Amino acid sequence: MVKRSVSPIYNHTMVYEGFQPADLREACAELTVWHREGIKTHLLGGVRLSPGTGLSYGAAVCWMDSTEEEVTVWTSMILNPSHWIDITLPIRTNLVNRQK
């Protein structure tokens, strides 16, 4: 979370234990940007890094809808483990709501 910034830089490391390399072809990393005003919050947009197949472990899911640019970044990360991938992606405001 980056608070009180109109031009934040997201330069954070995330570590997931128990995740296997094969799981990356079935997973999606969703990063969202929110505006908080008092007690109200509004989703500004986000990105979804994934293979963009529409499937996760064989099941159809609405959130595996990465754009071509997002798929390229995800694929690059998979093909270059333990290397930094420096990229700028536009946030998109049309993220489909996740099914519960």
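Let us start with one residue, Leu 31: this leucine counts as partly exposed, because its relative accessibility is 37%. Leu 31 is found in strand E1. On the outside of the model, which is a predicted one, Leu 31 joins Met 14, Tyr 16 and Phe 19 in making a nonpolar surface patch of about 440 Å².

With that starting point in hand, we can step back to the whole chain. The secondary structure of the protein chain amounts to four strands and one helix. Walking from the N terminus, you meet these elements in the order β-β-β-β-α. Taken along the principal axes, the box filled by the C-alpha atoms is roughly 40 × 30 × 25 Å. The protein chain has 100 residues, and 20% of them count as buried. The area that the chain exposes is about 8200 Å², with carbon and sulfur atoms supplying 56% of that surface.

How do parts of the chain that lie apart in sequence come together? Consider the contacts between residues at least 6 apart in sequence: 44% of these join residues at least 24 apart. Some pairs, though, are well separated in space. Ile 39 and Gly 18 are 21 residues apart in sequence, and their C-alpha atoms are 36 Å apart. You will find Ile 39 in the loop between strand E1 (29-37) and strand E2 (40-49). Is Ile 39 buried or exposed? Ile 39 counts as exposed, because its relative accessibility is 84%, and the cut-off for exposed is over 50%.

Now for the charges. The protein chain carries 9 positive and 10 negative charges, and the mean positions of the two groups are 12 Å apart. Side chains of opposite charge can pair when their charged atoms come close. In this model the count of salt bridges comes to four.

A good place to see this pairing is Asp 65, whose side chain meets that of Arg 48 in a salt bridge, at 2.9 Å from N to O. The two residues sit in distant parts of the chain, 17 residues apart: Asp 65 is in the loop between strand E4 (59-60) and helix H1 (68-79), while Arg 48 is in strand E2. Their surroundings can be described too. Arg 48 is buried, because its relative accessible area is 2%, whereas Asp 65 counts as partly exposed at 23% relative accessibility.

Asp 65 has another partner as well. A salt bridge links Asp 65 with Arg 92, and here the closest N and O atoms are 3.3 Å apart. Because Asp 65 lies in the loop between E4 and H1 and Arg 92 in the segment after H1, this pair ties together parts that are 27 residues apart in sequence. Arg 92 is buried, with a relative accessible area of 12%, which means that its value falls under the 20% cut-off.

From Arg 92, the trail goes on to the helix. Glu 70 forms a salt bridge with Arg 92, with 3.0 Å between the closest N and O atoms. This pair, too, links distant parts of the chain: Glu 70 is in helix H1 and Arg 92 is in the segment after H1, 22 residues apart. Glu 70 counts as buried, because its relative accessibility is 2%. Put together, salt bridges with shared partners join Glu 30, Arg 48, Asp 65, Glu 70 and Arg 92 into one network.

Key: Residues numbered from 1 in each chain as written. Predicted model: local features only at pLDDT ≥ 70, side-chain atom pairs only at ≥ 80, totals over all residues. Heavy atoms only, no water. Buried < 20%, exposed > 50% of the residue type's maximum accessible area, 1.4 Å probe, protein only. Contact = heavy atoms within 4.5 Å. Areas by Shrake-Rupley, 256 points an atom, 1.4 Å probe, with all protein chains shown as cover. Lys, Arg positive; Asp, Glu negative; His and termini not counted. Charge placed at Lys NZ, Arg CZ, Asp CG, Glu CD. Patch = residues over 30% accessible without salt bridge, like charges linked within 9 Å, V, L, I, M, F, W, Y side chains within 5 Å.
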